[in-house]
Amino acid sequence: MKIGYPCINQTLDCSSSRTFRLASYSEQRLIETVSQNLACLQRILEYNVANGLLFFRLTSDLVPFASHEINQYNWQQHFKPQFRELGNYIKQHQLRISMHPDQFVVLNSPNPQTVKNSIAELAYQGSVLDLMELDTTAKLQIHGGGAYGDKGSAIARFAEVYHTQLPDAVKARLCVENDDRTYSLLDCLRLHELTGMPIIFDNLHHECVNNGEPMREAVEIAASTWHPERDGILMMDYSAQAPAERRGKHVQSISESLFHDFLVETEGLDMDIMLEIKDKEASALKAVAVASELGRL
DNA sequence: CGCGGTCAAGTGGCT
DNA sequence: AGCCACTTGACCGCG
């Protein structure tokens, strides 16, 4: 089991998500920003290794406007050595890596332009992992998308786009995650059956939307969609509801007792856990301690 | 130099 | 009808 956190490290004094406004775009600015982002990413990875945080989600902002038409620069070629070096570090320390394209990536949108933009964004994020020369256990994580009043058709449209429009390099890494209002675990299972994509399980989303599966059973269902050789072990997002806040809002800081209970409930199941908690590595470090005490690491 | 409005992109639920 | 939340605030103009 590897434990980690997404995108941002609050201890270090650098960010790998630096970007700029579209109006400020220039090739020079792009090169400078990417250069700084990659340098910071290396520092974050070193921090993670030093602290036993072996699962990390790369920010979508690593390369600003990477899938936007304004960006015609061959950044892949320019930064190839840096990406490879990062990849070497990742492989050397056996870090698990994911990326999570944001909410604008919707493969089943009725708007063809949205689908086109989505595919371009997936191609960009996949190419980051490819440039790092990571194997297909490094994943891209998206949601089912919209339902548009007819989820059955939306699911069929997703599968159609998957089979007819997605590059193989994206398909090799793409996973679907249950969301907190539209695509339940069972809906994701349907998408899995139609495409072969593994399911990334989110416990908080499952609490929001489910078909009555107890937590352990839900984890087992998601885990069964992963081919160990091709995909590695199950990835999951772990969070807890922020008290007295909107349903689905993430807590500020981990509850060690809730996390302890979750690990006890899933005893014997192997998985890598991404902590979607506002205070980032602070909670991830507490989670590592809890998991370590339970002998799960 | 700090504050606050705004930023490439979508969707659905809540107020 | 508009706002908010989402994997994550960061940028930039203005005072």
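By class, how many nonpolar, polar and charged residues does the surface near DNA strand C have? The points below address this and other features of the predicted model.

1. **Surroundings of DNA strand C.** The surface near DNA strand C has eleven charged, seven polar and four nonpolar residues. Of the 22 residues around this strand, Thr19, Arg21, Ser24, Arg29 and Asp102 come nearest. Sugar or phosphate accounts for 63% of the atoms of DNA strand C within 4 Å of the protein, and bases account for the rest.

2. **Phosphate contacts of DNA strand C.** Serine 24 places a polar side-chain atom 2.5 Å from a phosphate oxygen of DNA strand C. For histidine 143, a polar side-chain atom lies 3.4 Å from a phosphate oxygen of that strand. Threonine 19 takes part through its backbone, with a polar atom 3.2 Å from a phosphate oxygen of DNA strand C.

3. **Surroundings of DNA strand B.** DNA strand B is surrounded by 18 residues, of which Arg21, Leu22, Phe104, Ala147 and Tyr148 are the closest. The nearby surface comprises seven nonpolar, seven polar and four charged residues. Of the atoms of DNA strand B within 4 Å of the protein, 45% belong to sugar or phosphate, the rest being base atoms.

4. **Base and phosphate contacts of DNA strand B.** Two arginine side chains reach base oxygens of DNA strand B: an N or O atom of arginine 21 is 2.7 Å from one, and an N or O atom of arginine 181 is 3.1 Å from one. Leucine 22 contributes a backbone N or O atom, which lies 2.5 Å from a phosphate oxygen of DNA strand B. Arg21 is also listed among the residues that come nearest to DNA strand C.

5. **Helix α4.** The geometry of α4 (residues 112–131) can be checked directly: at 1.5 Å a residue, its 20 residues should span 28 Å, and the end C-alpha atoms are 28 Å apart, in agreement. Asparagine 111 caps the N-terminal end, with a side-chain oxygen 2.9 Å from the backbone nitrogen of glutamine 113. The buried residues of α4 include Val115, Ile119, Leu122, Val128 and Leu129, but also Glu121 and Gln125. After the helix comes glutamate 133, whose phi is positive, near 60°.

6. **Nonpolar core.** The largest nonpolar core has 92 residues, and Phe83, Phe259, Ile273 and Leu275 are those with the most contacts inside it. Helix α1 (residues 27–50) supplies the largest share of this core, eight residues. In soluble globular proteins, nonpolar side chains tend to be buried together. Setting aside residues up to four places away in sequence, isoleucine 273 touches ten-odd positions that can be inspected individually, including Met1, Ile3, Phe55, Met236, Tyr238, Phe259 and Leu263.7. **Helix α7.** Aspartate 187 is found in α7 (residues 185–195). At 15% relative accessibility, this residue counts as buried, the cut-off being under 20%. Beyond its neighbours within four places in sequence, aspartate 187 is in contact with Lys151, Ile155 and Thr182. Buried residues of α7 also include Leu185, Cys188, Leu189, Leu191 and His192. The buried residues of the helix pack against α5 (151–165), β5 (174–177), β6 (199–202), α8 (203–208) and α9 (215–223). Just after α7, glycine 196 takes a positive phi of about 85°.

8. **Positive phi in loops.** Most residues other than glycine have a negative phi. Glutamine 94, in the loop between α3 (80–92) and β3 (96–99), has a positive phi near 50°. Lysine 280, in the loop between β8 (271–275) and α12 (281–293), has a positive phi of about 55°. Is each residue buried or exposed? Glutamine 94 is exposed, with a relative accessible area of 57%, whereas lysine 280 is buried at 14%.

9. **Asparagine 211.** This residue is placed in the loop between α8 and α9 and is partly exposed, with a relative accessible area of 47%. Leaving aside neighbours within four places in sequence, asparagine 211 is in contact with Ser184 and Leu186. The side chains of asparagine 211 and serine 184 make a polar contact at 3.3 Å. The C-alpha atom of asparagine 211 is separated by 28 Å from that of threonine 137, which is 74 residues away along the chain.

How values were computed
Residues are numbered from 1 along each chain as its sequence is written. Chains are lettered from A and ligands numbered from 1 in the order in which they are written. This is a predicted model: local features need pLDDT of at least 70, side-chain atom pairs count only at pLDDT 80 or more; totals for chains, interfaces and linings use all residues. Side-chain values use heavy atoms; hydrogens and water are left out. Helices (H or I, at least four residues) and strands (E, at least two) are DSSP runs, numbered from the N terminus. The expected span of a helix is 1.5 Å times one less than its number of residues. Buried means under 20% relative accessible area, exposed over 50%, partly exposed in between (1.4 Å probe, protein chains only). A polar contact is a pair of N or O atoms within 3.5 Å; within protein, one must be able to donate a hydrogen and the other to accept it, and residues adjacent in sequence count only if both atoms are side-chain atoms. A nonpolar core is a set of buried Ala, Val, Leu, Ile, Met, Phe, Trp, Tyr and Cys residues joined through side-chain atoms within 4.5 Å. Contact means heavy atoms within 4.5 Å. A residue is near a molecule or strand if one of its heavy atoms lies within 4 Å of it. Ala, Val, Leu, Ile, Met, Phe, Trp, Tyr, Cys and Pro count as nonpolar, Asp, Glu, Lys and Arg as charged, and the others, Gly among them, as polar.
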